[in-house]
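Open the model in your viewer and get ready to select a few pieces of it, one after another. Could you walk me through what is there at each stop?

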Amino acid sequence: MPLLEVRDLSVRFGGVVALDRVSFTVGSGEVVALIGPNGAGKTTLFNVVTRVYRPSSGSVLIDGEPVSRMAPHQVVRHGLARTFQNVALFRSMTVLENVMVGDHIRTRGGWLESTIPTPRAVRAETAARQRAMDMIDFVGLGAVATRPVALLPFGTQKRVELARALVSKPHLLLLDEPAGGISHEEVDAMARLLRRIHDEFNVTSLLVEHHMAFVMGISDRVVVLDFGRKIAEGSPSEVRSNPAVIEAYLGAAS
């Protein structure tokens with residue numbers, strides 16, 4: 001059974017068809033890239049998986065369970081975590097505080113523990129802080145753990161968001177343009193980091209990305225959308241040489 005299954009998924013906004021009967025799967029341990037021109041429906045698909053949008057028809061399943069039957073917080077507790085194209089961090093909070101937010105599903109307690117520092121609450125807070133610091137060290141940001149994220153470069157903020165997603169120990173990681181808006185050197189470093197995450201944590205990843213060298217170097221399979229429809233799927237080499245992909249996304253040769 002695939003970890004993520006997208007079945008005949010369609011999304012319409014009035015007369016606009018954002019996704020048109022899209023189907024694909026993501027197997028456990030895979031890194032799958034979702035590519036296509038702007039407006040192809042990639043972020044819309046992410047928003048259906050995370051329960052921000054409801055599909056017009058079709059379905060999305062995680063571990064065989066329909067996402068439509070889950071509340072957004074239940075999707076997270078089912079082992080899904082997400083990063084965003086424009087980082088969604090609490091800018092006045094420190095790196096450590098932001099990453100600890102991602103661990104809230106482990107440390108949730110009753111109202112009493114949230115208002116009175118019981119011994120159990122103190123132990124849970126200490127453990128959560130250590131888990132967050134471990135993940136901050138893993139992404140190479142231990143030296144800036146106590147700094148407000150607003151003072152950090154955009155590429156560093158992307159690593160903070162990645163650490164926040166990983167601290168919840170997700171089974172499925174949705175990455176929205178992890179290489180977007182960062183320098184060439186940072187792109188290479190991000191690719192190495194994502195490979196480490198895959199190798200050491202065995203996290204399954206679905207990523208949206210425009211940086212083709214990044215996509216082709218890190219992905220096991222690539223799914224291509226154009227105007228909401230799937231036009232190709234296969235290995236990076238297969239997709240790279242597909243005429244429909246060249247015309248729609250990579251640019252037809254002159």
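Which residues lie on the two sides of strand 8, and are they buried or exposed? Keep in mind that this is a predicted model. Select residues 204-208, which make up strand 8. On one side you will find Thr 204, Leu 206 and Val 208, on the other Ser 205 and Leu 207, and all of them are buried. That gives 5 of 5 residues buried in this strand.

Now look at the neighbours of strand 8. Add residues 31-35, strand 3: this strand runs parallel to strand 8, and 4 bridges join the two. Here Ala 33 stands opposite Leu 207. Next add strand 7, residues 172-176, which also pairs with strand 8 in the parallel sense, over 5 bridges. Find Leu 173 and you will see its bridge partner, Ser 205. To follow the chain from strand 7 to strand 8, select helix 8, residues 184-201: the path goes through this helix, and the β-α-β crossover is right-handed.

Time for another stop: an open sheet of 4 strands in the order 2-1-4-5, with antiparallel pairing. Its edges are strand 2 (16-26) and strand 5 (65-66), each pairing on one side only. Then select strand 1, residues 4-13, and strand 4, residues 57-62, which are antiparallel and joined by 5 bridges. Within this pair, Leu 4 has Ile 62 as its bridge partner.

Finish with helix 1, residues 42-49, which packs on this sheet and touches strands 1, 2 and 4. The direction of helix 1 makes about 115° with that of strand 1.

Definitions and conventions. Residues are numbered from 1 along each chain as its sequence is written. This is a predicted model: local features need pLDDT of at least 70, side-chain atom pairs count only at pLDDT 80 or more; totals for chains, interfaces and linings use all residues. Side-chain values use heavy atoms; hydrogens and water are left out. Buried means under 20% relative accessible area, exposed over 50%, partly exposed in between (1.4 Å probe, protein chains only). Two strands pair if DSSP finds at least two bridges between them. A crossover is right-handed if, with the strands pointing away from the viewer, the path from the first strand over the helix to the second runs clockwise. Contact means heavy atoms within 4.5 Å. Axes are lines fitted to C-alpha atoms, for helices over the stretch in contact, and angles run from 0 to 180 degrees between N-to-C directions.
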